[in-house]
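Hi,

Here is the structure I promised to pass on. Have a look at it first, then read my notes below.

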Amino acid sequence: MRERDGVRGRIPVSVGDRSYDVLVGRGVRSSLAEVIQGLGARRVAVVSARPAEWVPDTGVETLLLPARDGERDKTLATVEALCAEFVRFGLTRNDAVVSCGGGTTTDVVGLAAALYHRGVPVVHLPTTLLAQVDASVGGKTAVNLPSGKNLVGAYWQPAAVLCDTEYLSTLPRREMLNGLGEIARCHFIGAGDLRELGLTERIAASVTLKAGVVSADERDTGLRHILNYGHTLGHALESATGFALRHGEAVAVGTIFAGLLAGALDRIGPGRVAEHREVVEFYGLPTALPEEIETAELIRLMRRDKKALTGLAFVLDGPSGAELVHDVSEQVVADVLEHMPRQPLGRLVEPAHFHGTGDPLA
């Protein structure tokens, strides 16, 4: 992975008295001590899924707690264990918590911060591409239940987000591609075509889009639903495969499905439907369903989606752009799923090999 530039961007998220900045670029993690000083915290609990040397100096007394990225630890039990450590450390509501890791660590630590003393400041240092463009921004925190993904959570905006692109240099290719799944879906929700941009520019563009949406609709009452483009099927695929299919990979397949479903409902034309596959393929992401998963199972899981109030609901492209569509015909959904290509799960989870005119990770 290489960057075409060292853009150091400051992107505001405007949510009233909970507003904050997202810093994007090389070395921005060095701003952590300044952020902590601005909060007036005397103690900080740092929860890190990365080696200790990845965590910058906080400038105050610090408790370093190990974490482990992955859906297995994205549970209420992990949140409880973190809160117990906060108590032992003597953390007060005037102190702060810092997350350093991928999307699951960001989510779990964010929820722990939201619940401890009914809310303590949290600063996110996302270390994966997926976390930088998605989980760390916007204040959504959640953990999983055995029956589904992200079913227990809270809104808790961070005090700051430091997206240091130097962290990305250590990631394996598959983990980078995982993050590109969220960037690919931005193409269809207002970010425009990001394919010719450098990686840092793509991150900044994705964060800017999300910051604008969150600023307009912090708590998912309307516009913010568009950020779930591709996620309804994506979450179902994650659960159905026991998370063997990673979040960004599953969202990529869900994005193609969203295009096909919008086409089947006559919301978009064939060219726009095809564009969904073209964008996902450009980023080297999976484009097929796992052949081991039955259509009926996917529909059953999609019924549990938080957006589905009475029937199946999806964020779909249309004449006025992406919007939430309720009560979509189950038969139409089944027909679209049945006509999608299928591959063995083992092939889908292998790192993809890009065959375009350039490197999507450039």
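Before anything else, one cut-off: a residue counts as exposed when its relative accessible area is over 50%, and as buried when that value is under 20%. Keep in mind too that this is a predicted model.

With that in hand, take helix 1, residues 32-39. Leu32, Val35 and Ile36 are buried there. Looking down the helix axis, the buried residues fall within an arc of 95 degrees, so they line one face of helix 1. The face turned away from that buried side carries Glu34, Gln37 and Gly38, which are exposed. What sits over the buried residues of helix 1? The cover includes strand 3, strand 5, strand 6 and strand 9 (160-164). Right after helix 1 comes Gly40, with a positive phi near 75 degrees.

Those strands bring us to the sheet. It is an open one, built from 7 strands in the order 1-2-9-6-5-3-4, with mixed pairing. Strand 1 (9-13) and strand 4 (61-66) are at the edges with a single partner strand each, so one side of each has no neighbour in the sheet. On average, neighbouring strands are turned by 15 degrees against each other, ignoring direction. Within the sheet, strand 3 (residues 43-48) pairs with strand 5 (residues 96-101) in the parallel sense, over 5 bridges. If you want one to click on, Val47 has Ser99 in strand 5 as its bridge partner.

Two more helices lie across this sheet. Helix 2 (residues 76-89) crosses strand 3, strand 4 and strand 5, and runs at about 155 degrees to strand 4. Helix 3 (residues 103-115) lies across strand 3, strand 5 and strand 6 (122-126), at about 170 degrees to strand 5.

Now the packing. The largest nonpolar core has 74 residues, and Val22, Val333 and Leu337 have the most contacts inside it. Leaving aside residues up to four places away in sequence, Leu337 touches Leu233, Phe257, Leu289, Thr295, Leu298, Ile299, Met302 and Arg342. There is also a second, separate core of 19 residues, with Phe86, Val97, Tyr116 and Val120 among them.

For the overall picture, the protein has 12 helices and 13 strands, and 58% of its 362 residues are buried. The radius of gyration is 20 Å, which agrees with the value near 21 Å for a compact globule of 362 residues. The C-alpha trace spans about 55 × 45 × 40 Å along its principal axes.

Cheers

How values were computed: Residues are numbered from 1 along each chain as its sequence is written. This is a predicted model: local features need pLDDT of at least 70, side-chain atom pairs count only at pLDDT 80 or more; totals for chains, interfaces and linings use all residues. Side-chain values use heavy atoms; hydrogens and water are left out. Two strands pair if DSSP finds at least two bridges between them. Helices (H or I, at least four residues) and strands (E, at least two) are DSSP runs, numbered from the N terminus. Axes are lines fitted to C-alpha atoms, for helices over the stretch in contact, and angles run from 0 to 180 degrees between N-to-C directions. Contact means heavy atoms within 4.5 Å. A nonpolar core is a set of buried Ala, Val, Leu, Ile, Met, Phe, Trp, Tyr and Cys residues joined through side-chain atoms within 4.5 Å. Buried means under 20% relative accessible area, exposed over 50%, partly exposed in between (1.4 Å probe, protein chains only). The arc is that of the directions from the helix axis to the C-beta atoms. The radius of gyration is taken over C-alpha atoms; the globule rule is 2.2 Å times the number of residues to the power 0.38.
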